[in-house]
Each structure stands twice: as C-alpha cells, then as structure tokens.
Amino acid sequence: MARLPKLAVFDLDYTLWPFWVDTHVDPPFHQSSDGSVRDRRGQSVRLYPEVPAVLDRLQGLGVPVAAASRTGEIEGANQLLELFDLVRYFVHREIYPGCKVTHFERLHKKTGVPFSQMIFFDDEKRNIVDVSTLGVTCIHVQNGMSLHTLTQGLETFAKAHAGP
C-alpha cells in the first residue's frame, strides 16, 4: 500500500468552492427550503461538485483533514462548512487572515504531525511556495478540487516518501 499523509489540508476559496467568501458572496448564509445554500441576497452558493467525494475518499483511507484559509470572512467560511455538512470531515480549522505558514505551524502544534507527513491543496501559487518551504507536499489546485486532483496529489506524496 502506498504511503499516505497523516494530515490532508485544504484551502477553501477556489479550492472547495468557486468564489472568495469575503468578496464574491454576501454572508450570512442559510439553507433554503429546497436544501440549497444561499447567501443574504438569495444567491445560490455551491461547492465544486466532487468535494464531498474527495473528503469521503480521505475519510475512507483514514486520513484526517484540516482547513487552512486566509479569508477575513471567518464566520462566513465556518458557516459554509457547516451548511455544506463538511465540518464532520475537518479535525482542525485554521481560518483567519495571515500567512499560511502560521496556519501550518498551528496545525503541527495541535496535531503533532510533522510537516513532511502533510499534504496541502490550494489554488494560489504563493501559498504553495510559502508552505512548501516547511517540507509539506503541496498540490496546486486548478479549477477546483476533484477526485483526479486528489489521486494525483496522493501519488505525488507517495512518490516523495518512497524508499530507495
């Protein structure tokens, strides 16, 4: 069996959902009678389609999941995780403005997982560059999180941790 990370970390904006929670939508959010999630103006808010399957796959593999987001809309981001029923997947959430390195230092402190045993999915290249300096396997997400991106990421992690 290929080596698996001990912690998978996800950015939120443009990684799990196709917008910036602090500028493109209008919190607070609510679940409407048809089950859809909507913002204050009634605009429908969605995840990327394969996000629940990605998180299910990691759960099935026994890989804990955390969130690391630099958004200033902390309450809105947490509210969306709850309304989309994703909080059950996340063992830790680091959601606040600042450098992603700080998010990862706090995740390391909370979990005891070495940086080398973490995998990180983010759409922003600058976050990938910053976090990779810690020794985290970083995967650049394009067009939202998908099962294909997860599989490629886990393969990249396994190759990086393969023996001689």
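Helix α5 covers residues 147-160 of this predicted model. Its 14 residues, at 1.5 Å a residue, should span 20 Å, and the end C-alpha atoms do lie 20 Å apart, so the expected and computed lengths agree.

Which residues of α5 are buried? They are Thr149, Leu150, Gly153, Leu154, Phe157 and Ala158. These buried residues pack against three elements: helix α1 (51-61) and the strands β7 (118-122) and β8 (137-140).

The contact with α1 can be followed in further detail. The axes of α1 and α5 come within 9 Å and cross at roughly 35°, and the crossing is right-handed. On the α1 side, the residues in contact are Ala53, Val54, Arg57, Leu58 and Leu61; on the α5 side, they are Leu147, Leu150, Thr151 and Leu154. By character, the residues of this contact comprise seven nonpolar, one polar and one charged. Leu150 and Leu154 belong to the contact with α1 and are also listed among the buried residues of α5.

Attention now turns to the aromatic rings. A pair of aromatic rings is described by the distance of the centres and the angle of the planes. How many aromatic pairs does a search of the whole structure find? The search finds five. One of them joins Tyr14 and Trp20 in an edge-to-face arrangement, with 5.3 Å from centre to centre and 75° between the planes. The angle is over 60 degrees, which is why the pair counts as edge-to-face. Both partners are partly exposed: Tyr14 has a relative accessible area of 26%, and Trp20 has one of 39%.

Another pair is formed by Trp17 and Phe84, whose rings are tilted, at 6.3 Å centre to centre and 35° between the planes. This pair links distant parts of the chain, as its two residues are 67 residues apart. Trp17 lies in the loop between β1 (7-10) and β2 (30-31), whereas Phe84 lies in the loop between α2 (74-83) and β6 (90-95).

Are Trp17 and Phe84 buried or exposed? Trp17 is buried, with a relative accessible area of 0%. Phe84, at 16%, is buried as well, because the cut-off for a buried residue is under 20%. The Trp17 and Phe84 rings also belong to a wider arrangement, in which ring pairs link Trp17, Phe19 and Phe84 into a cluster.

Definitions and conventions:
Residues numbered from 1 in each chain as written. Predicted model: local features only at pLDDT ≥ 70, side-chain atom pairs only at ≥ 80, totals over all residues. Heavy atoms only, no water. Phe/Tyr/Trp six-rings, centres within 6.5 Å; stacked < 30°, edge-to-face > 60°. Buried < 20%, exposed > 50% of the residue type's maximum accessible area, 1.4 Å probe, protein only. Helix = DSSP H or I, 4+ residues; strand = E, 2+ residues; numbered from the N terminus. Expected span 1.5 Å × (residues − 1). Contact = heavy atoms within 4.5 Å. Axes fitted to C-alpha atoms, helices over the stretch in contact; angles between N-to-C directions. Left-handed = near helix turned anticlockwise from the far one by under 90°. Nonpolar A, V, L, I, M, F, W, Y, C, P; charged D, E, K, R; others polar.
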